Amino acid sequence: MTATTVRVALRDAMAEEMRRDPDVFVIGEEVAEYQGAYKVTEGLLQEFGAKRVVDTPITEHGFAGLAVGAAFQGLKPVVEFMTWNFAMQAIDQILNSAAKTLYMSGGQVKSPMVFRGPNGAASRVGAQHSQCYASWYAHCPGLKVVAPYDAADAKGLLKAAIRDPNPVIFLENELLYGVSFDVPEGEHIVPIGKAAVKKQGTDVTIVAFSICVKYALEAAEKLKAEGISAEVIDLRTLRPLDKQCIIDSVRKTHRLISVEEGWPVAGIGSEIAAIAMEELFDELDAPMVRVTGKDVPLPYAANLEKLALPTTDDVVAAAREICQSRARAA
Amino acid sequence: MSAAATKAAAKSPAKSAALKSVDTAKKSSVTSDLSKEKQIALLRDMLLIRRFEEKAGQLYGMGLIGGFCHLYIGQEAVVTGIQAAAREGDAVITTYRDHAHMLACGMDAKGIMAELTGRIGGFSKGKGGSMHMFSVERQFFGGHGIVGANVPLGTGMAFAQKYKGSDALTMTYFGDGASNQGQVFESFNMASLWQLPVIYIIENNEYAMGTSVKRSHASAELYKLGEPFGIPGVQVNGMDVLAVYEAAKKVIAHVRAGKGPYLMEVKTYRYRGHSMSDPAKYRSKKEVEDYKENRDSINQFRKYLEAAGMANEAAFKKIEDEVKAIVHEAAEFAKESPEPDATELWTDILSQ
């Protein structure tokens with residue numbers, strides 16, 4: 001194991017896959033000479049040259065479509081969006097061209113590619129730069145959607161995504177780029193579609209992804225001191241969702257909390273609630289609770305921003321609430 | 001702008017002017033060194049498109065084809081002339097008025113018609129429909145229903161061709177309507193910046209659905225749309241198949257030589273409505289009749305072949321019979337091929 005930042009883990013994943021497969025190339029704004037707006041592509045231009053590390057104009061719709069066309073012809077583009085907010089300019093190409101063409105062509109035309117970049121709130125950048133797109137993309141057949149938390153998963157899942165013959169939406173988090181985690185030495189691939197139990201527990205299941213895994217783990221520590229044993233699941237992949245992991249956990253704990261930064265309406269938590277309703281109706285000892293970002297555009301003011309985003313304490317409060325309700329029932 | 005693109009911009013006016021000379025709107029045809037056999041093949045290919053589309057219109061009327069169905073009748077010389085100048089291995093991508101492009105790429109008429117009827121024998125197993133058909137084998141990449149979205153895709157296909165060091169190129173067809181989409185200009189910029197082997201073909205049939213070019217373009221000279229990006233352009237009479245072929249030959253040579261993208265504006269006309277549900281009330285009967293009577297690409301080319309002594313009535317009849325047989329067989333296949341099995345609902349969503 002080596003302590004590695006998420007940023008370097010992502011870079012290593014791309015570099016390793018580019019060494020392995022000459023059809024893999026990186027394309028996006030500032031990915032080459034600037035070394036990445038968040039330095040995720042640092043050093044790639046030096047190692048692989050301008051042919052395979054391609055700086056684009058500011059033209060998301062255009063370069064996303066161009067990359068899909070390159071994938072139609074058998075290349076394996078890794079498309080960096082400076083942030084996922086800007087990919088709304090390109091969402092038609094991501095869905096109508098990349099996600100649907102395999103089906104519309106009766107299985108003939110593949111789009112083996114990755115769309116990646118930071119997703120969700122950063123810090124004090126306001127509403128247009130602070131949105132979580134997890135549920136937007138997780139809604140769509142033809143895509144795989146990945147949102148890792150730690151560096152090992154960031155590396156292993158990005159390598160899997162680059163090798164995947166389908167379009168993969170890879171949601172990173174800017175605030176995690178500089179955080180270090182242990183990463184296994186050598187070849188490390190994490191399969192898409194598998195959640196991870198980050199902490200075992202018996203009283204309540206907390207399901208989270210991306211930076212919210214941090215809040216879930218911190219909450220689990222605090223709850224331990226109060227005698228509540230929380231199990232923490234890192235979903236890692238949002239499509240296809242590892243339903244079985246959630247089901248197995250809730251059969252043990254009988255209580256369920258989802259945590260996400262995105263808005264509550266039709267969010268990932270809503271999907272988990274639907275799974276709870278359909279698969280776990282008789283297992284729940286308390287109604288599931290969704291901890292989400294507030295249903296507002298993200299404000300700039302420091303105090304308001306803090307109020308709008310989910311926190312460790314929100315998760316603790318949710319766990320207390322549903323665990324107490326069981327105590328009352330008993 | 002990169003040095004390469006600036007260079008292309010500097011070169012473009014001369015190239016543009018040279019190729020503009022092939023605009024033969026006022027002549028019936030241009031001279032061509034194409035062999036007699038190849039010229040007759042052009043007539044046959046145009047006639048196949050027309051008869052195929054007429055049959056598609058009939059099947060639509062009978063309720064065998066659903067949804068949207070956009071016919072190419074009137075525009076046959078465009079794709080026929082251009083694809084005759086292309087080489088095996090060159091890629092093609094277009095918008096939703098795509099049946100003709102598939103025929104011109106050598107795709108089997110049976111598979112196209114069966115896709116229109118939504119049957120398993122269709123090129124997309126019945127799951128794509130009229131607007132979404134593909135053949136990797138024939139390097140035909142759709143068939144796209146979002147107007148303008150195929151232009152970045154075609155540009156990316158050319159990016160891949162250059163990346164792989166191939167000398168193939170990509171024909172990217174779209175209409176006068178699509179040419180107002182922002183992503184078209186985004187594509188022009190990148191194609192020129194990176195000198196990609198892509199040919200942009202604007203099939204200007206004068207109407208974007210019901211909106212005329214006059215009402216939708218601040219400048220009606222669509223062949224100049226690439227000029228700000230250093231992409232040379234040429235305007236061609238799309239009712240004259242030889243003019244289209246000769247222009248395409250020069251453009252293809254330019255692009256294949258690695259000199260970057262080119263734009264062709266091919267002036268044409270569709271006789272039918274935008275789709276089957278369009279009565280085309282935005283234009284006069286007289287306008288349509290004038291094209292059919294005086295400018296029709298197939299009739300004009302027949303007259304030319306006859307006058308040049310390359311074909312006679314007997315030869316025309318032979319072609320007509322051959323084409324009718326192909327279309328008849330395609331229609332029968334499209335009726336008889338079964339609907340996709342219910343299990344097909346769940347296949348081809350993800351690649352394994």
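In this predicted model, Ile120(B) is in contact with Lys125(B), Gly126(B), Ser337(B), Pro338(B), Glu339(B) and Pro340(B), leaving aside its neighbours within four places in sequence. Ile120(B) belongs to the loop between α5 (109-116) and α6 of chain B. It has 16 C-beta neighbours inside 10 Å and therefore counts as partly exposed, since a buried residue needs 20 or more and an exposed one has 12 or fewer. Phe159(B) is 39 residues from Ile120(B) along the chain, and 33 Å separate the C-alpha atoms of the two.

Helix α6 of chain B, which follows that loop, spans residues 150-163 and packs on a sheet of the same chain, where it touches β1, β2 (170-175) and β3. The direction of α6(B) makes about 170 degrees with that of β2(B). The sheet itself is open and parallel, with five strands of chain B in the order β1-β2-β3-β7-β6. Its edges are β1 (91-93) and β6 (233-237) of chain B; each has a single partner strand, so one side of each is left without a neighbour in the sheet. Within the sheet, strand β3 (residues 198-204) of chain B runs parallel to strand β7 (residues 262-267) of chain B, and six bridges join them. Ile202(B) has Glu265(B) as its bridge partner in β7(B).

Chain A holds another open sheet of five strands, in the order β9-β11-β10-β13-β14, with mixed pairing. Here β11 (residues 230-234) of chain A runs antiparallel to β9(A), and three bridges join the two strands. The partner of Ala196(A) in β11(A) is Asp234(A). The table sets out the two sheets.

| Sheet | Edge strands | Average turn between neighbouring strands, direction ignored |
|---|---|---|
| β1-β2-β3-β7-β6 (chain B) | β1 (91-93), β6 (233-237) | 20 degrees |
| β9-β11-β10-β13-β14 (chain A) | β9 (196-199), β14 (289-291) | 25 degrees |

The domain assignment divides chain A into domain 1 (2-183) and domain 2 (196-329). Taken over C-alpha atoms, the centres of these two domains of chain A are separated by 27 Å. Their contact takes 23 residues from domain 1 of chain A and 22 residues from domain 2 of chain A. On the domain 1 side, the elements giving two or more residues are α6 (134-138), β6 (144-146) and α7 (151-163) of chain A. That side of domain 1 of chain A divides into 15 nonpolar, five polar and three charged residues.

The largest nonpolar core has 206 residues. Those touching the most other members are Ile206(A), Ala216(A), Val315(A), Ala319(A), Ile199(B), Val244(B) and Met264(B). Helix α9 (residues 241-256) of chain B gives the most to this core, with ten residues. Both domain 1 (2-183) and domain 2 (196-329) of chain A give residues to the core, so it lies between them. Not counting residues up to four places away in sequence, Val244(B) touches Ala77(B), Val78(B), Gly81(B), Ile82(B), Val236(B), Gly238(B) and Val266(B).

The contact between the chains takes 32 residues from chain B and 34 residues from chain A. On the chain B side, α6 and α7 (182-193) of chain B are the elements that give two or more residues. The largest share of that side, ten residues, comes from α6(B), the helix that also packs on the parallel sheet of chain B. By class, the side of chain B that touches chain A has 15 nonpolar, 13 polar and four charged residues.

Definitions and conventions: Residues numbered from 1 in each chain as written. Chains lettered and ligands numbered in written order. Predicted model: local features only at pLDDT ≥ 70, side-chain atom pairs only at ≥ 80, totals over all residues. Pairing = 2+ DSSP bridges. Helix = DSSP H or I, 4+ residues; strand = E, 2+ residues; numbered from the N terminus. Axes fitted to C-alpha atoms, helices over the stretch in contact; angles between N-to-C directions. Contact = placed C-beta atoms within 7 Å. Domains from an automatic or database assignment. Nonpolar A, V, L, I, M, F, W, Y, C, P; charged D, E, K, R; others polar. Core = buried A, V, L, I, M, F, W, Y, C linked by C-beta atoms within 7 Å.
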